[in-house]
Amino acid sequence: MKDSYNRTINYMRISITDHCNFRCQYCMPAGIQWTPSDKLLTFEEILTVCKIAVSKGICDFKVTGGEPLVRPGCIDFLRKLKEMDGVHSVTLTTNGLLLEQVAEELAKIKIDSVNISVDSLVEEQFDKLTGTKGNLPKILSAIDCLQRYNIKTKVNAVLLRETVDQMIPLALLAKDREIDVKFIEIMPVGLGRKTEGIPAKEALTILQKRWSDLHIAKEVKGNGPAIYYRSKELQGSIGLIHAVSNPFCEDCNRIRMTSQGILKPCLCYEAGINLREILRSGAGEEKISVAFDNAMTQKPEAHCFSHIEDMTEQRGMSEIGG
């Protein structure tokens with residue numbers, strides 16, 4: 001599937017819920033309002049959309065939230081998506097709190113990879129950032145559990161000014177494990193606009209001071225825009241995503257669907273197509289197919305994160321899908 005700028009769109013990020021069991025300060029702090037369950041797409045509806053997406057040429061799917069594992073039936077949904085003809089990969093992004101208890105099931109359905117969000121390895125700071133208490137050991141245990149099941153694992157850390165001293169400790173998770181540790185520039189979406197981050201270039205300088213042989217890896221990893229680096233001291237890789245300071249829009253291959261069924265061509269803009277309305281109107285799959293085509297005409301040439309006054313998207317990441 002091609003957009004108006006002749007980019008091939010083959011990757012879809014799907015949020016299955018805006019609910020979460022963490023209260024991260026830059027995402028969904030205490031007091032946030034949940035979407036009523038009847039406003040969320042059912043798994044059957046999501047699978048219908050995925051089937052049509054595959055027919056349009058989308059073959060790689062990332063399942064997100066909120067926290068996807070808090071929604072009952074998530075694993076069964078992942079299994080059905082993995083088994084769908086034409087699907088190349090299915091990956092999962094999670095905070096990791098419920099991960100260890102479903103790791104064996106994820107291995108059985110042959111999930112392609114799991115991304116776990118961890119911004120600090122200092123328990124007090126982790127608790128403050130996530131609005132929870134005493135959960136960091138569970139997350140670290142889940143990372144090792146995935147390794148035992150040979151599930152490809154990535155650790156995601158947002159580049160926050162307050163956690164800059166955690167970059168090296170987090171990167172060291174890849175020292176004796178074949179995992180990727182990715183550092184991601186915070187995007188000015190929702191509460192991200194009020195959170196101070198650091199650019200990926202600064203992060204790379206810090207990492208290179210610790211590992212002087214850090215070099216760009218030759219292998220291609222995943223479906224996203226991360227640039228990965230290797231060192232002879234690390235079994236795994238270190239990735240950097242510089243979506244704000246050095247946009248990758250010219251190579252963007254993605255489209256998003258929120259948990260309420262809004263098909264979003266770009267994270268930066270409010271524009272989108274309400275697939276829930278189409279699905280529940282009784283319209284046939286052809287109308288969903290046309291909606292994908294229309295979304296391609298709406299996909300802009302680039303985002304406007306460097307000019308946030310031009311942004312029209314006012315929802316937070318939990319409502320859109322992280």
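## A quick tour of a predicted structure

S117 stands opposite N156, a residue of strand β5. That pairing is a handy way into this model, which is predicted. From there we can walk through the sheet, then a couple of helices, the nonpolar cores, the aromatic rings and two buried residues in other places.

**The sheet**

- Let's begin with the big picture: twelve strands make an open sheet, and their pairing is mixed.
- Reading across, the order is β7-β8-β9-β6-β5-β4-β3-β2-β1-β10-β11-β12.
- Which strands stand at the edges? They are β7 (215-216) and β12 (273-274), and each has a single partner strand, so one side of each is left without a neighbour in the sheet.
- As background, strands of a sheet pair through backbone hydrogen bonds, and they can do this in a parallel or an antiparallel way.
- Strands β4 and β5 go for the parallel option, with four bridges between them.
- On to the next pair: β5 and β6 are also joined in the parallel sense, over six bridges. Here A157 has F183, in β6, as its bridge partner.
- Strand β6 (residues 180-185) runs parallel to β9 too, and five bridges join the two. In that pairing, D180 is matched with S237 of β9.

**Strand β5 up close**

- How many residues of β5 are buried? Seven of the seven are, so the strand is largely enclosed by the rest of the structure.
- In a regular strand, side chains take turns between the two faces of the sheet.
- Both faces of β5 are covered. On one side sit T153, V155, A157 and L159, on the other K154, N156 and V158, and all of them are buried.

**Helices α4 and α5**

- Helix α5 covers residues 136-148, which makes 13 residues. From first C-alpha to last it reaches 19 Å, close to the 18 Å expected at 1.5 Å a residue.
- Inside α5, the residues L136, I139, A142, I143, C145 and L146 are buried.
- An α-helix has 3.6 residues a turn, so residues three or four places apart point the same way.
- What covers the buried residues of α5? The cover includes α3 (103-108), β4 (113-117), α4 (123-130) and β5 (153-159).
- In helix α4 the buried residues are Q125, F126, D127, L129 and T130, and α5 is among the elements covering them.
- Each of these helices is followed by a residue with a positive phi: G131 after α4, near 65 degrees, and N150 after α5, near 55 degrees.

**The nonpolar cores**

- The largest nonpolar core has 84 residues, and M12, L78, L106 and F183 touch the most other members. Helix α1 (residues 43-55) gives this core its largest share, eight residues.
- What does L106 touch, leaving aside neighbours within four places in sequence? Its contacts are I75, L78, L92, L99, I111, V114 and I151.
- There is also a second, separate core of seven residues, including C266, C268, F305 and M311.

**Aromatic rings**

- A search of the whole structure turns up two aromatic pairs.
- F22 and F126 make an edge-to-face pair, because their ring centres are 6.0 Å apart and their planes meet at 85 degrees.
- F22 sits in the loop between β1 (11-15) and α1, while F126 is in helix α4, so the pair ties together parts that are 104 residues apart in sequence.
- Are these rings buried or exposed? F22 has a relative accessible area of 2%, so it is buried, and F126 is buried as well, at 2%.
- F43 and F77 form a stacked pair, with 5.0 Å from centre to centre and 15 degrees between the planes.
- This pair links helix α1, home of F43, with helix α2 (residues 74-83), home of F77, 34 residues apart. Both F43 and F77 are buried.
- R71 joins in: its charged end sits over the ring of F43, 4.1 Å from the centre.

**Two more buried residues**

- L234 lies in the loop between β8 (227-230) and β9 (237-241). Its relative accessibility is 6%, so it counts as buried.
- Beyond residues up to four places away in sequence, L234 touches A171, A174, K175 and W211.
- L234 and I179 are 55 residues apart in sequence, but 9.5 Å apart in space, C-alpha to C-alpha.
- S289 belongs to helix α9 (residues 285-298), and with a relative accessible area of 13% S289 is buried.
- Not counting residues up to four places away in sequence, S289 touches I52 and K56.

Note on methods. Residues numbered from 1 in each chain as written. Predicted model: local features only at pLDDT ≥ 70, side-chain atom pairs only at ≥ 80, totals over all residues. Heavy atoms only, no water. Expected span 1.5 Å × (residues − 1). Buried < 20%, exposed > 50% of the residue type's maximum accessible area, 1.4 Å probe, protein only. Contact = heavy atoms within 4.5 Å. Core = buried A, V, L, I, M, F, W, Y, C linked by side-chain atoms within 4.5 Å. Phe/Tyr/Trp six-rings, centres within 6.5 Å; stacked < 30°, edge-to-face > 60°. Lys NZ or Arg CZ within 6 Å of the ring centre and 35° of its normal. Pairing = 2+ DSSP bridges.
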